[in-house]
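Hi,

Here is the structure I promised to pass on to you. Please open it first, and then read my notes below with the model on your screen.

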Amino acid sequence: MNLLEAIDARKSRRTYFNIPIEKEKAAILQDLITTFNVESTLTMTFIEDAREAFNSIGKSYGMFKGVCSVMVMKGLKADFHLKEKVGYYGERLILEATCLKLGTCWVGATFDKNNILFAVPEEEELICVIPVGCVPEDETFKERMLRGMMHRKTKSIEQFYNSNALVPDWFLEAMKAVQKAPSTRNTQKVMFDYQDGKITASVPETYHFDLVDLGIAKLHFELASGKMMPWGNGSQTI
């Protein structure tokens, strides 16, 4: 499975087998985190056992079961593009984990942020975490129910972009990948603009995870189009 195929295969998973990830797969994720930290200046970490911060109803509101390992998404407060980078590289890790047949889920609130496991230095900020681990092959009834409760109807391709002319086929294919990008409560607020061959991506920034969603959408766009987008809300393709 490649990363584009992983976009189609990946679903948010909230039920895990409560066992550590195989050492070989954990090593791959750790190596990726190390590489991406150097590339991005983020300070992401992998915690092999974070069960105490997830697996009680009081901490996860009953939305998660059997979480063991997590990837901690954090970086320097002074980094102006911190949240966008977290979205971009966090989603990259999620797609890589999907290729390893592991389940994942973006989690911004339903975990014990005050747990010592997630303590960060004064100069850093914890944005969110990503549980990662072995999951049942099929979604549980509870997972299907939560998906139905939490997800709005997906927008049409045409609702993801504005243009002053007909757009090329490759751009529409990229929009299909963007359409599949996870977003906070499935709000799908990231918009692309195609004007005279120049492309920008932006988000209203009315919610504290909007810039994370922008980073996720940019990654999906890049994977499908091969065109790189610099950091920044309203940035233009290179």
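**Sheets, helices and cysteines**

Helix 7 (residues 210–225) lies across strand 6, strand 7 and strand 8, running at about 150° to strand 7. Helices (H or I, at least four residues) and strands (E, at least two) are DSSP runs, numbered from the N terminus. Axes are lines fitted to C-alpha atoms, for helices over the stretch in contact, and angles run from 0 to 180 degrees between N-to-C directions.

Before going further, please keep in mind that this is a predicted model: local features need pLDDT of at least 70, side-chain atom pairs count only at pLDDT 80 or more, and totals for chains, interfaces and linings use all residues. Residues are numbered from 1 along each chain as its sequence is written, and side-chain values use heavy atoms, with hydrogens and water left out.

Back to the sheet under helix 7's strands: four strands form an open sheet in the order 5-6-7-8, and the pairing is mixed. Two strands count as paired if DSSP finds at least two bridges between them. At the edges are strand 5 (161–163) and strand 8 (235–236), each pairing on one side only. Strand 8 runs antiparallel to strand 7 (residues 198–202), and two bridges join them. One of the bridge pairs is Ala201 with Ser235 of strand 8. Helix 6 (residues 169–179) also packs on this sheet, touching strand 5, strand 6 (191–195) and strand 7 (contact means heavy atoms within 4.5 Å). The direction of helix 6 makes about 175° with that of strand 6.

There is another open sheet of four strands, with the order 1-2-4-3 and antiparallel pairing. Its edge strands are strand 1 (45–47) and strand 3 (103–104), and each pairs on one side only. Strand 3 is joined to strand 4 (residues 124–133) by two bridges, the two running antiparallel. Gly103 has Gly133 in strand 4 as its bridge partner. Helix 2 (residues 23–40) packs on this sheet and touches strand 1, strand 2 (69–76) and strand 4, its direction making about 155° with that of strand 1.

How many disulfides are there? The count is zero, taking a disulfide as a pair of cysteine sulfur atoms within 2.5 Å. For Cys105, the nearest cysteine sulfur is that of Cys128, 10 Å away. Cys105 counts as buried because its relative accessibility is 1%, where buried means under 20% relative accessible area, exposed over 50% and partly exposed in between (1.4 Å probe, protein chains only).

Best wishes
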